Amino acid sequence: MSQTRLTRPHEPNRAFKALYARFFDRISVEERWVSSVRERASDGTVVYVLRNLNVVDFLALDHVTQRYGLPRIQFANLGLDFNPLRSNWLSGLLTKPKTAATDQLGDALATPGSAAALFLRRPPSVLDVAAGRASRGPREGDELIDALIEIQRRDDRPILLVPVVFVWTRRPDTRGTRALDVLLGPREWPSSPRVIGQFLLNYQNAQLRAGQPVNLKEFLSEWGNGQTSRTALHNKLAYTMLRRLERERRAITGPIDKAPDRVRQEILRSRRFQTALAKLAGSPEEQAKALEQADEMLRTMQATPDGRTHKALDVVLSKVFERIYHGLDVDPAGIEELKELAKEGTFVLLPSHKSHIDYLVVSYVFFKANLPLPLIVAGDNLSFFPMGGIFRRSGAFFIRRSFKGDRLYAAVVDAYVRRQIKDGFAIELFLEGMRSRTGKLLNPKFGLLNMIVSAVRGQDSRPVFFVPISIGYERIVETESYRLENSGGDKVMEDAAGLLSATTVLRHRYGRINVQFGRSSTLGQVASDLGFDSVSELTPKQTRTVVVALGNRVMDEINRVTAVTPGALTALALLNHHRRGLPHDKLVRHCERLLTALGKRGARIAPALCSAVGVLRRDAIREAAQMFADAGMIEVHSPTELSPRRDRAGKPQVGAGAIYTLVENKRVELDTSKNIIIHFFAERALLATAMLPSAEQACAPEHLRTRMRELAKLLKFEFRFASNGAFEDSVEATIQAMLDDRELELTDGGLVPGQGHDGWSGHKWLLSYASMIRNFLEGYRIFVRALTALLDAPCSEKDLIKKALETGGKMYLAGEIERREAVCKPILQNALSSYMEQNVLRPNRGLVVLGPDAASEEALHRIELNLAAYLEREGAL
C-alpha cells in the first residue's frame with residue numbers, strides 16, 4: 001500500500017500560470033546558477049534558503065524552478081496567511097494545518113527530485129518598527145533548521161542549502177524610521193504589501209541572486225563534532241546563511257542611505273575631525289567658527305545620490321549614447337569579477353580620463369550591471385548651475401583642484417572621504433587629475449590617492465579593492481576644443497553655456513566606447529609585494545612608497561588592458577603613412593599588419609574590430625574611415641577625379657577605390673585617437689628610432705641599448721617606461737621579440753634589419769615603428785630651437801611654451817619638421833619637464849633660464865642636431 005504524501009508542488013491553474021509568466025519571466029537569472037543547482041541536485045537534496053518571509057518571493061522562486069527544470073518546491077514555511085502548497089489553501093486562512101511543519105519538511109525531502117524552501121526571518125511588526133527593533137526581522141523556522149540538522153545526521157545523501165535572494169528594488173536601506181517604514185516595514189525587512197509594491201514598480205528589472213551553497217553534511221562534519229552545543233550549531237548555521245544572503249543583496253543595493261544632515265553631523269562629530277579641529281583653532285570661539293566653516297564646506301562638497309536621478313540619467317544617457325555612439329563594449333569577465341568582489345568589500349575605482357563623458361560612463365556601466373554606483377570625485381568647476389545639482393544627485397562630490405595652505409579644507413575632505421569609505425561607498429577617482437588632451441595616459445597625481453589610502457588603512461571592517469579601468473574612445477567628443485588648446489588656445493572653463501553648446505555633438509558620430517577592467521589590488525597585496533609585513537604598521541615613508549607603487553601599478557594596468565578599437569587602429573595607420581595619399585586597400589593591409597603585431601603583444605582587441613575567429617573585419621576599418629571623413633579629419637578622393645569623392649547626399653564616400661589624404665590642421669585631432677594604443681609599440685619605437693640612422697650598417701647591441709636609454713630618458717614624460725633594472729630587462733625582451741619576429745637579425749657585426757613578416761621587410765617594420773613617435777621627437781626639436789630666446793633674457797614657462805608654439809609653426813611651414821601634430825602644447829610642456837630634469841633648463845625666481853652646459857648658441861645647436869639625427873631615415877612605408 002502506497003504511503004500518503006504530506007506535501008506536493010504548487011500547481012497554479014492556467015490563468016495564474018499566464019500571470020506568473022507575464023511578470024516572473026522578466027527576472028534576471030544567471031545561467032551558471034541554474035547549471036550549478038542542477039549539478040548539485042544530482043548529488044544531494046536541495047533546500048532553497050530565503051531571507052524574509054513573503055509570498056511573492058515564494059511564487060517567483062517556484063516559477064523559476066519550474067521554468068528552468070530545477071527541483072520543485074514541495075514545502076515552504078509560509079505560515080498561516082496564505083500557503084499555496086496546502087491541498088486546500090483557502091481553508092488555511094482560517095485553520096491551522098494538522099501536520100507539523102517538521103513532518104512536512106521531512107516528507108518533502110524524502111521525495112526524490114523534490115526540494116523545500118526555508119525562510120529565515122519574518123518582517124517586523126508595526127510595534128517593532130516603532131520601537132526601533134526593526135534592524136533584523138524576527139526569527140522564523142528555528143525548529144525547521146533543527147529538523148534539517150537531524151535529517152542530515154540520519155541520511156547519507158547531502159542536503160544542499162542554496163541561498164536565494166530576490167532583489168525587487170535597488171534602492172538602499174535607510175538609517176532611521178520613516179512613516180512608510182512603520183506601516184509597511186523597513187526596506188531591509190519589508191512586509192508582504194511593501195514587497196508587492198516594490199515588485200510591481202520594478203519587476204522588469206528584478207534579479208535573482210544566489211549565494212555560495214552550504215553542504216550541510218560537510219558543515220556538520222566540521223562543526224557538529226559533539227563539542228558544539230545544539231544551540232550554537234543552530235545559530236552558526238543560521239548566521240552563515242543570513243550572512244551569505246545579505247552579501248548578495250548588499251552587492252546590488254549598496255550602503256545604507258542616510259540623510260545629508262546626518263552624514264555631515266557624523267563627519268563633524270568624528271573623533272579624528274574633532275582632534276584636527278582642536279589643532280587648527282585654539283579657543284572655543286575659534287573652534288565654533290571653524291566648525292561653521294567646515295559645515296558650509298561639506299554642504300558645498302557633499303554628494304546626495306538619489307535613485308530617481310540614477311533612473312532618469314539611465315534613460316537619458318541610453319538615448320544620447322545611442323545617438324552619438326555606435327555602441328558600448330564592456331569587458332564581461334571584468335564585470336563578473338567585480339560582482340564577486342562586491343560581495344566581499346567595496347571599491348576605489350580608478351579610470352583613465354580623456355573626456356568629460358568619463359564621469360558618466362562608469363556609473364552607466366555599473367547601473368546596467370546592477371552594481372552599487374560610486375561616489376565620484378569631481379572638480380568644483382563642474383558644480384555650475386544647473387548641471388551641478390544633477391551631478392551631485394548622481395553621486396558626484398566636488399572638491400577644489402588644489403587646497404594647499406587651507407588646512408581646514410584638507411581636514412574636511414579627509415573626514416568626508418573617510419566617512420564614505422567606512423560606510424561602504426565605492427569611490428571613483430581620476431588618478432591623472434585632469435583630462436588627457438593627447439589620448440595618452442598622464443602621470444598619476446598622488447595627493448588624493450594618499451588621502452584615500454590613509455582612510456582605507458584606518459578601517460578594517462571590509463576589504464577595499466583598487467580597480468584600474470580603461471575607458472577608450474574611437475573619437476573623443478572634445479577633440480575640437482583639445483586641438484585649440486594644444487595649439488596654444490586658453491582652456492575654457494565649463495559653464496552652463498558651454499555645456500549647452502555641446503549639444504552640437506548630437507549631430508556627429510564618435511564610434512564606440514570601450515570599457516576594460518584591470519586586475520584589482522588591495523593595499524595588503526601592494527605592501528606585501530614591496531616586502532612590508534603589515535599595512536597597519538607602515539611608517540609615513542613606507543606609506544608614501546605604497547601609494548606611489550599603487551598609483552603606478554594602476555596606470556600600468558590601464559595601459560595593459562586598453563582595447564584596440566577600429567578608430568585607434570585606423571588613426572595609427574593613417575598617421576603612420578609617409579606619403580601624401582593612402583588608398584583604402586593599402587590602409588586595410590596596413591591595419592592587418594598592425595593588428596597582427598598587437599595580437600602578439602597580448603593586446604585586447606575590441607569585438608567590433610575582429611570576427612569571431614580573430615580576423616580583421618574590413619568593414620570596421622571602412623566605418624572608422626567614414627567617421628573620420630565625416631568629422632573633416634580626412635578627405636576622400638577618387639583616383640580619376642581631383643575633387644573630393646562624395647555620394648549623392650554630399651557625404652564623403654569611403655571604401656574600395658578611395659584614396660585618403662589627411663587634413664593638416666586636423667592631424668592633432670586624429671592623433672588623440674592614435675595615442676590611445678601607441679604605448680603598445682613604445683619600446684619597439686625606441687629601438688627602431690635608435691637603430692634607423694645606421695640601419696645600413698650593423699648596430700652593436702650595447703650601442704643600441706645606450707641610445708635606447710638616452711631616448712627613454714628624454715621621453716620619460718611621454719611614455720611609461722620601466723625604471724632602472726626593469727628597463728634593461730624590457731630592452732632585452734624587446735630585442736629578443738623582434739628577433740623572434742624576424743624584424744631584426746643578429747649577425748657577427750651586430751643587429752641588422754631582418755627578413756620581416758606579413759609582407760613587410762624588417763626595414764619596413766623599423767620605419768613603421770619609428771614613425772609612430774616621430775611627432776614627439778619633432779616636438780622636442782621645436783622646443784630646443786625655441787630655447788634660443790633664453791640667450792637674450794629669461795622668461796616664464798608660459799611665455800616659453802608660447803614662443804615654442806610660434807617656432808613650431810614656422811618650422812612646419814618651412815618644411816623643417818614633417819608632422820603638424822608635433823606643434824602641440826602638451827608635447828612642448830613635457831619637453832620642458834624633461835630638459836628641466838636634465839639641467840638644460842633651470843628655474844630661477846619664477847622664470848626659466850638655461851643651464852650652464854646649454855647657455856650658448858653652439859650648445860643648443862648640438863642638442864638640436866642630436867635630436868635631428870634620430871629623425872633621419874631611408875626608404876618609405
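Good morning. I begin with a stretch that calls for caution: over residues 87-95 the pLDDT stays under 50, and the model has 10 contacts for this stretch beyond four places in sequence. The structure before you is a predicted model. A second stretch, residues 495-501, likewise stays under 50 in pLDDT, with six contacts beyond four places in sequence. Where pLDDT is low, the predicted coordinates should not be read in detail. Over the chain, however, the average pLDDT is 89, and 91% of the residues score at least 70.

Let me turn to the chain as a whole. It has 877 residues, and 55% of them are buried. There are 35 helices and 22 strands. Taken along the principal axes, the C-alpha atoms fill a box of roughly 105 × 75 × 60 Å. How much of the contact in the chain, counted at a separation of 6 or more, comes from residues 24 or more positions apart? Such residues account for 76% of those contacts.

I now move to single helices, beginning with α6. This helix runs over residues 142-154, which is 13 residues. At 1.5 Å a residue it should span 18 Å, and its end C-alpha atoms are 19 Å apart, so expectation and model agree. Which residues of α6 are buried? They are Leu 144, Ile 145, Asp 146, Ala 147, Leu 148, Ile 149, Ile 151 and Gln 152. As background for reading such a list, an α-helix has 3.6 residues a turn, so residues three or four places apart point the same way.

Next, a pair of helices. Helix α3, residues 55-67, and helix α8, residues 192-202, have axes that come within 8 Å and cross at roughly 50°. Because of that angle, α3 is oblique to α8. On the side of α3 the contact is made by Val 55, Val 56 and Asp 57, and on the side of α8 by Ser 192, Val 195, Ile 196 and Phe 199. By character, the residues of this contact are five nonpolar, one polar and one charged.

I continue with some individual residues, and first with buried ones. Val 784 belongs to helix α32, residues 774-786. Its relative accessibility is 2%, and therefore Val 784 counts as buried. What does Val 784 touch, once residues up to four places away in sequence are set aside? Its partners are Tyr 835, Leu 860, Ile 863, Glu 864 and Leu 867. The C-alpha atoms of Val 784 and Leu 850 are separated by 11 Å, and these two residues are 66 residues apart along the chain.

Ile 678, by contrast, is located in a loop, the one between α27 (667-674) and α28 (682-691). Is Ile 678 buried or exposed? With a relative accessibility of 2%, Ile 678 counts as buried, because the cut-off for that word is under 20%. Not counting residues up to four places away in sequence, Ile 678 touches Lys 440, Phe 719, Met 772, Ile 773 and Phe 776. Phe 719 is 41 residues from Ile 678 along the chain, and their C-alpha atoms are separated by 9.1 Å.

Ser 673 is part of helix α27. At 1% relative accessibility, this serine counts as buried. Its contacts, leaving aside neighbours within four places in sequence, are with Glu 474, Arg 475, Gly 567, Ala 568, Ala 571 and Phe 628. The C-alpha atoms of Ser 673 and Ala 259 are separated by 43 Å, with their positions 414 residues apart along the chain.

Finally, I come to three further loop residues. Ser 534 lies between α22 (523-529) and α23 (540-561). Its relative accessibility of 23% makes Ser 534 partly exposed. The C-alpha atoms of Ser 534 and Leu 523, 11 residues apart along the chain, are separated by 9.6 Å.

Asp 758 is not a glycine, yet it has a positive phi of about 55°. Asp 758 is found in the loop between β20 (750-753) and α31 (762-772), and it is partly exposed, at a relative accessible area of 39%.

Asn 839 also has a positive phi, near 65°, in a residue other than glycine. Its loop joins α34 (825-837) and β21 (841-844). Is Asn 839 buried or exposed? At 51% relative accessibility, Asn 839 counts as exposed.

Thank you for your attention.

How values were computed: Residues numbered from 1 in each chain as written. Predicted model: local features only at pLDDT ≥ 70, side-chain atom pairs only at ≥ 80, totals over all residues. Heavy atoms only, no water. Helix = DSSP H or I, 4+ residues; strand = E, 2+ residues; numbered from the N terminus. Expected span 1.5 Å × (residues − 1). Buried < 20%, exposed > 50% of the residue type's maximum accessible area, 1.4 Å probe, protein only. Axes fitted to C-alpha atoms, helices over the stretch in contact; angles between N-to-C directions. Parallel < 35°, antiparallel > 145°, perpendicular 65-115°, else oblique. Contact = heavy atoms within 4.5 Å. Nonpolar A, V, L, I, M, F, W, Y, C, P; charged D, E, K, R; others polar. pLDDT = per-residue confidence, 0-100.
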